[in-house]
Amino acid sequence: MPFILNKTDSIANLYLADMRDVVAQRDRARFRRSQQKLGAILAYELSKTLHYQTSEVQTPLGICKVHLPTQQPVLATILRAGLPFHQGFLEVFEQSESAFVTACRKTKKSGSFTIQVDNISTPNLDGKVLIMIDTMLATGQSVVNVCKELLAQYDIAELHVAAVIASTEGIAHVRANLPKAKIWVCAVDEEMTSKSYIVPGLGDAGDLAFGEKV
Ligand SMILES: O=c1cc[nH]c(=O)[nH]1
């Protein structure tokens, strides 16, 4: 089962409502900030499932036993929409390495499309925990295609997929194609338009954060 943040009431509901609000969205700095905050909150929730080991810290007054993560996950995102969400994760996993992906839609005459992964810039992922961060998990095709390429190249220890809003179809696609991935989302919406925008969703996350693309 995916982890769904808004199943429990918290202040995070406010940031998500802000991202969805057609008037508040006119302020793109606010839109990016809300997304960043949700990234940090989801990263904190996810951190509870990582591996920890006991260690010792010398304080000015003595030695304190602490329980620390054994590694920080690698944070991967798909340009450009995922950048503010990725930044939120990076605020929590401050020492993480990052991977960046460029991908684009190849639309057919019928209106359907496939996702072409153009480039992946990544550190070595062997033995690492990877979090694939994508703001809107709509069809799930981009995330699945990128993760499959990475899984074919590296022996990834643990795979997580994180999104602000996911469609039910996107979640089903990830679960069917990446059965070992753990899914982390802030909310799930039921519907999609014929152009694969999530409904009610929030619109085009990349355009809202960075300006309308031509
Ligand atoms: O609703 C959607 C779906 C994909 N990408 C977006 O930015 N919004």
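Helices (H or I, at least four residues) and strands (E, at least two) are DSSP runs, and they're numbered from the N terminus. That's how names like S4 and H3 work in the legends below. The model is predicted.

**Figure 1. A cis peptide bond between Leu79 and Arg80.** Here leucine 79 and arginine 80 are joined by a peptide bond with omega at about 0°, in other words a cis one. Look for arginine 80 in the loop that runs between strand S4 (74-78) and helix H3 (83-92). For context, most peptide bonds are trans.

**Figure 2. A cis bond at Pro200 and a positive phi at Ser196.** Going from valine 199 to proline 200, the peptide bond is cis again, and omega is near 0°. Proline 200 belongs to the loop between strand S12 (198-199) and H6. On the other side of S12 there's serine 196, found in the loop between strand S11 (191-192) and S12. The backbone oddity of serine 196 is its phi, near 65°, which is positive even though the residue isn't glycine. Most residues other than glycine have a negative phi. Serine 196 turns up again in the next view, as one of the residues around the ligand.

**Figure 3. The ligand and its shell.** Which residues are around the ligand? They are Met136, Ala138, Ser196, Tyr197, Ile198, Gly203, Asp204 and Ala205. Sorted by class, this shell has five nonpolar residues, two polar ones and one charged one.

**Figure 4. Backbone atoms that meet the ligand at 2.8 Å.** Isoleucine 198 puts a backbone N or O atom 2.8 Å from an oxygen atom of the ligand. Alanine 205 does likewise, with a backbone N or O atom 2.8 Å from a ligand oxygen atom. At glycine 203, the partner on the ligand is a nitrogen atom, which sits 2.8 Å from a polar backbone atom of that residue. How much of the ligand does the protein cover? On its own the ligand has 240 Å² of accessible area, and the protein covers 87% of that.

**Figure 5. The largest pocket, with the ligand's place in it.** The ligand takes up the space of the largest pocket. This pocket has a volume of about 850 Å³. It's lined by 32 residues, and Arg105, Ser142, Tyr197, Asp204 and Lys213 are the closest to its centre. Elements giving two or more residues to the lining are strand S5 (98-107), strand S6 (113-121), strand S8 (136-137), helix H4 (141-153) and helix H6 (205-210). Which element gives the largest share of that lining? It's S5, with four residues. By class, the lining splits into 13 nonpolar, twelve polar and seven charged residues. Two residues near the centre, Tyr197 and Asp204, are also in the shell around the ligand.

**Figure 6. The second largest pocket.** Its volume is about 170 Å³. The residues lining this pocket are Lys148, Leu151, Ile156, Ala157, Glu158, Leu159, Asn177, Leu178, Pro179, Lys180 and Ala181. At least two of the lining residues come from H4, and at least two from strand S9 (158-167). H4 also contributes to the lining of the largest pocket. In the second largest pocket the class tally is seven nonpolar, one polar and three charged residues.

**Figure 7. An enclosed cavity beside H1.** How many cavities of 30 Å³ or more are there? The count is one. The largest cavity has a volume of about 40 Å³, and its lining consists of Leu5, Asn6, Thr8, Ser10, Ala12, Asn13, Leu16, Leu38 and Cys186. Helix H1 (residues 12-20) gives the largest share of this lining, three residues. As for class, the cavity lining has five nonpolar residues, four polar ones and no charged ones.

Terms used: Residues are numbered from 1 along each chain as its sequence is written. This is a predicted model: local features need pLDDT of at least 70, side-chain atom pairs count only at pLDDT 80 or more; totals for chains, interfaces and linings use all residues. Side-chain values use heavy atoms; hydrogens and water are left out. A residue is near a molecule or strand if one of its heavy atoms lies within 4 Å of it. A polar contact is a pair of N or O atoms within 3.5 Å; within protein, one must be able to donate a hydrogen and the other to accept it, and residues adjacent in sequence count only if both atoms are side-chain atoms. Accessible areas come from the Shrake-Rupley method with a 1.4 Å probe; for residues, only the protein chains shown count as cover. On a 1 Å grid over the protein atoms alone, a cavity is a set of points where a 1.4 Å probe fits but cannot get out, and a pocket is an open set with protein on both sides within 12 Å along at least five of seven lines; lining residues have an atom within 4 Å of a point. A molecule sits in a cavity or pocket if more than half of its atoms lie within 2 Å of its grid points. Ala, Val, Leu, Ile, Met, Phe, Trp, Tyr, Cys and Pro count as nonpolar, Asp, Glu, Lys and Arg as charged, and the others, Gly among them, as polar. Grid points are joined across faces, edges and corners, and a volume is the space filled by probe spheres set on the points.
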